[in-house]
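The following questions and answers go through one protein chain, from its overall fold to single residues. Please keep the structure in view while reading.

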Amino acid sequence: MMKENIIRPTNNYRWRIGMLIGMGIIVSYLDKVNISVAGSYMAKEFGWSNAQLGFLFSAFFAAYAIMMLPIGIILDKIGVKWVMRIGTLIWSIVTLMTSFVGGFGGILTMRIILGATEAPSYPGSAKAIGNWFPLHERGLATSLFDGAAKFANAIGIGLCSWAIIQWGWRGAFLVTGLLNLAFTVVYWIMYRDPSNHPKLSKEEYEYM
């Protein structure tokens, strides 16, 4: 079989989008790490049992898992741009709010909302890669956000530990919430669908 000659475009804006998607996974995964680091400090302040702390840990993942199927349908109907825009905005606010609420019920509610709104992050990233990259580049592009998830776990423990030393357990949620909010602003500015992105050249669009 003869190999098809592929002419690569001189512009590579798609890789900026790939890095943006990776950044989104990093900040969203910090929200999975923060309570793991801060949990023991929270339990000590509020007098929670290990069972209560376990409920808080699992609440995020339960909401995350339940929302996966409807989020997939919503992504197909509405598209990546608006689902991720709204999702990142809500989960950033919820993470910040966690640093201000007190009591088991309030924090449990925040974790449930966080899990539900972060559900689009992974399937949305996969769909964005499919939209922005030709088939022969999707393996490398996918590794950007898949590797970012592991990297977030590696740096998140140190970051949250530092924040707790500086400001107590609330600092872990404050710092990660601000990082999420900063990413939300960047995402709203940078991300568009390829069909109507003003910075995407015709040459690169045809290549994709």
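Q: Of the contacts in the protein chain with a separation of 6 or more, what percentage is accounted for by residues 24 or more positions apart?
A: The model is a predicted one. Contacts here are heavy atoms within 4.5 Å, and the set is restricted to pairs with a separation of 6 or more. Within that set, the share from residues 24 or more positions apart is 82%.

Q: How many helices and how many strands does the protein chain have?
A: From the N terminus on, the elements run α-α-α-α-α-α-α-α. The C-alpha atoms fill a box of roughly 65 × 35 × 35 Å along the principal axes. The count for the chain is 0 strands and 8 helices.

Q: What percentage of the accessible surface of the protein chain belongs to carbon and sulfur atoms?
A: The chain has 208 residues, and 46% of them are buried. The accessible surface comes to about 10,600 Å². The part of that surface belonging to carbon and sulfur atoms is 68%.

Q: Which helix gives the largest share of the largest nonpolar core?
A: This core has 50 residues, and Met42, Trp132 and Tyr191 touch the most other members. Helices H1, H2, H3, H4, H5, H6 and H7 each supply at least two residues. With 14 residues, the largest share comes from H1.

Q: Which residues does tyrosine 191 contact, leaving aside its neighbours within four places in sequence?
A: Tyrosine 191 is one of the core residues that touch the most other members, and Trp132 is another. Beyond four places in sequence, the contacts of tyrosine 191 include Trp132 itself. The full list is Ile17, Leu20, Val80, Lys81, Arg85, Ala128, Asn131, Trp132 and His197.

Q: Is serine 28 buried or exposed?
A: Serine 28 lies in helix H1, and its side chain reaches the backbone oxygen of isoleucine 25 at 3.0 Å. Leaving aside neighbours within four places in sequence, serine 28 is in contact with Trp91, Glu118, Ser121 and Asn180. Its relative accessible area is 0%. The cut-off is under 20%, so serine 28 counts as buried.

Q: Where does arginine 14 fall, buried or exposed?
A: Arginine 14 is placed in helix H1. Not counting residues up to four places away in sequence, arginine 14 touches Pro9, Trp132, Phe133, Glu137, Glu204, Tyr207 and Met208. Because its relative accessible area is 2%, arginine 14 is classed as buried.

Q: How far apart in space are lysine 44 and serine 161, C-alpha to C-alpha?
A: Lysine 44 is in helix H1 and is exposed, with a relative accessible area of 74%. In sequence, lysine 44 and serine 161 are 117 residues apart. Their C-alpha to C-alpha distance in space is 16 Å.

Q: Which helix gives the most to the nonpolar surface patch?
A: The patch covers about 490 Å² and is made by Ile74, Ile78, Trp82, Ile86, Ile90 and Ile113. Both H2 and H3 supply at least two of its residues. With 3 residues, the helix that gives the most is H3.

Q: What relative accessibility does isoleucine 113 have?
A: Isoleucine 113 lies in helix H4 and is one of the residues of the nonpolar patch. Patch residues need over 30% relative accessible area. Isoleucine 113 counts as partly exposed, because its relative accessibility is 32%.

Methods. Residues are numbered from 1 along each chain as its sequence is written. This is a predicted model: local features need pLDDT of at least 70, side-chain atom pairs count only at pLDDT 80 or more; totals for chains, interfaces and linings use all residues. Side-chain values use heavy atoms; hydrogens and water are left out. A nonpolar core is a set of buried Ala, Val, Leu, Ile, Met, Phe, Trp, Tyr and Cys residues joined through side-chain atoms within 4.5 Å. Buried means under 20% relative accessible area, exposed over 50%, partly exposed in between (1.4 Å probe, protein chains only). Helices (H or I, at least four residues) and strands (E, at least two) are DSSP runs, numbered from the N terminus. A polar contact is a pair of N or O atoms within 3.5 Å; within protein, one must be able to donate a hydrogen and the other to accept it, and residues adjacent in sequence count only if both atoms are side-chain atoms. Patches are made of residues with over 30% relative accessible area and no salt bridge: like charges are joined within 9 Å, nonpolar side chains (Val, Leu, Ile, Met, Phe, Trp, Tyr) within 5 Å. Accessible areas come from the Shrake-Rupley method with a 1.4 Å probe; for residues, only the protein chains shown count as cover. A salt bridge is a side-chain nitrogen of Lys or Arg within 4 Å of a carboxyl oxygen of Asp or Glu.
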